[in-house]
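These are my notebook entries on a two-chain model. I set out to look up the cavity, the contact between the chains and the salt bridges.

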Amino acid sequence: MERIPILKMGDNLLVTIQVDMHDRLAMNLQDDLTNRISAEGSRGVLIDISALDMVDSFIGRTLGDIAAIASVLDAVTVLVGMRPAVAITLVELGLSLTGVRTALDVEKGMALIRRSIATEAPDALAEG
Amino acid sequence: MLLQKADVLPLRSDEDVVRARHAVRDRAAKLGFSLIDQTKMVTAASELARNTVLHGGGGEVTIEVLRHDERIGLRLTFEDHGPGIPDVELALRDGYSTGTGLGLGLSGSRRLMNEFEIRSAPGEGTRVCVTRWK
């Protein structure tokens, strides 16, 4: 079955979507990422969508669901590289991707993941 | 006025939805639509093609190039012979969904295109015709 590769980089997972995803492929990515986060104990998930020339409501919802599931599994998701035309279209479509953290590129996305994990840590200690 | 021969593509599977997106992107790019307009049309096509596959039980999309006075337009017509939509007004509202989606397919694609026409009758199927002008 067709799959989108997931790379492990230390505590984080990196996904670069380079194909025009049909719905099943997007669902497979959601399942695969969920399993990998759980198996590896990942803290961050970075999804690079710079190669995507459109994000419709299904793909948008799947990305939002991935971020929500990752959050429940104690991982931070950052979406990077959204093209301007895609961003304009998404908002006009009515999808604002609230709850999904975004960054302009991979480097800024990794920095955001590191910061998010660092700011969460003191809370965890205080509560524990 | 209709220019060029229309393309008709089947819509039966997830892969057909992707093929329809590519066909719309190709046509829109060749006609010289801006990148933002192309993206809006491809996204609307994806929403409507998915509706045809999921809710209409499959059907087809017709892609046509129009000329009206000096303006060029791209018209997409999605047709199925599925169960139809009992209440079209309701289905056009943001957030209306029969269960699996976000309910942005119809209302969202209406915002992304210049013209939007829908005809549906229970038991007879649904026909959605959208146009964007350059």
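Entry 1, cavity lining. In this predicted model, I looked up which elements each supply at least two residues of the lining of the largest cavity, and found α3 of chain A together with α2 (35-54) of chain B. The residues that line the largest cavity are D53(A), R83(A), A85(A) and V86(A), along with R25(B), L35(B) and T39(B). Sorted by class, I recorded three nonpolar, one polar and three charged residues in this lining. The volume of the largest cavity is about 40 Å³. I then asked how many cavities of 30 Å³ or more the structure holds. The search returned one.

Entry 2, extent of the interface. I noted that the size of an interface is often given as the accessible area lost when the parts come together. For chain A and chain B, I recorded a buried area of about 2,000 Å² between them, with 53% of it on carbon and sulfur atoms. In chain A, the residues that lose the most area to chain B are T89(A), E92(A) and L93(A), and together they account for 28% of what that side buries. I also looked up the residues in contact: chain A gives 21 residues and chain B gives 23 residues.

Entry 3, polar and charged pairs across the interface. With both residues at pLDDT 80 or more, I recorded 13 residue pairs in polar contact across the interface of chain A and chain B. Which elements give two or more residues to the side of chain A that touches chain B? I found α1 (23-40), α2 (57-72) and α3 (84-93) of chain A. The largest share of that side comes from α3(A), with six residues. By class, the side of chain A that touches chain B comprises ten nonpolar, four polar and seven charged residues. I counted eight salt bridges across this interface. One salt bridge that I examined joins the side chains of R50(B) and D56(A), at 2.7 Å from N to O.

Entry 4, salt bridges over all chains. Searching the whole structure, I obtained 20 salt bridges over all chains. I examined the salt bridge between the side chains of D32(A) and R3(A), which meet at 3.3 Å, N to O. I noted that D32(A) belongs to helix α1 of chain A and R3(A) to the segment before β1 (6-9) of chain A, so this pair ties together parts that are 29 residues apart in sequence.

Conventions:
Residues numbered from 1 in each chain as written. Chains lettered and ligands numbered in written order. Predicted model: local features only at pLDDT ≥ 70, side-chain atom pairs only at ≥ 80, totals over all residues. Heavy atoms only, no water. Contact = heavy atoms within 4.5 Å. Buried area = accessible area lost by both parts, 1.4 Å probe. Polar contact = N/O pair within 3.5 Å; in protein donor to acceptor, adjacent residues only side chain to side chain. Helix = DSSP H or I, 4+ residues; strand = E, 2+ residues; numbered from the N terminus. Nonpolar A, V, L, I, M, F, W, Y, C, P; charged D, E, K, R; others polar. 1 Å grid on protein atoms, 1.4 Å probe; cavity = no way out; pocket = protein on both sides within 12 Å on 5 of 7 lines; lining within 4 Å. Points joined across faces, edges and corners; volume = space filled by probe spheres on them.
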